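Work through the exercises below with the model open beside you, and try each task before you read its solution.

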Amino acid sequence: LASDLIINAFDTPWSPHDDLGKTWKSYLTFFWKPLLQYAIFPGQFAYLYSYHPTGNMGDLPAALQEKWKKQHEEDAEKAFA
């Protein structure tokens, strides 16, 4: 949904250095660019990465790997036996 909004609502930003960006969406994108670049996108990525684990996770990854491996082996044996 968010990517559709960005694709449909924005265009190549207007620039005085070339002939690209001559639509109303281009001018809108040009004026929104500072807000998007310095507020919206950093806020979005700060939110997304706030759930990224940091620090030592101990034995959790190995325990999950073993649990999933065992479960997948059991499911495969049932499915293909």
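Two exercises follow, one on a pocket and one on a helix.

This is a predicted model, in which local features need pLDDT of at least 70 and side-chain atom pairs count only at pLDDT 80 or more, while totals for chains, interfaces and linings use all residues. Residues are numbered from 1 along each chain as its sequence is written, and side-chain values use heavy atoms, with hydrogens and water left out.

**Exercise 1.** Find which residues lie nearest the centre of the largest pocket, and which element gives the most to its lining.

Solution. Begin with the space itself, a pocket being an open set of points on a 1 Å grid over the protein atoms alone, where a 1.4 Å probe fits, with protein on both sides within 12 Å along at least five of seven lines. The volume of the largest pocket, the space filled by probe spheres set on the points, is about 210 Å³. Next, take its lining of 11 residues (each with an atom within 4 Å of a point), where Ile 6, Phe 10, Leu 36, Ile 40 and Phe 41 lie nearest the centre. Finally, α2 gives the most to this lining, with seven residues.

**Exercise 2.** Decide whether Thr 29 is buried or exposed, and list what it touches.

Solution. First, place Thr 29 in helix α2 (a DSSP run of H or I, at least four residues). Thr 29 counts as buried (under 20% relative accessible area, with a 1.4 Å probe and protein chains only) because its relative accessibility is 8%. The buried residues of α2 are Thr 29, Ser 26 and Leu 36. Lastly, leaving aside residues up to four places away in sequence, Thr 29 touches Phe 10, Asp 11 and Pro 13 (heavy atoms within 4.5 Å).

Terms used:
Helix = DSSP H or I, 4+ residues; strand = E, 2+ residues; numbered from the N terminus. Buried < 20%, exposed > 50% of the residue type's maximum accessible area, 1.4 Å probe, protein only.
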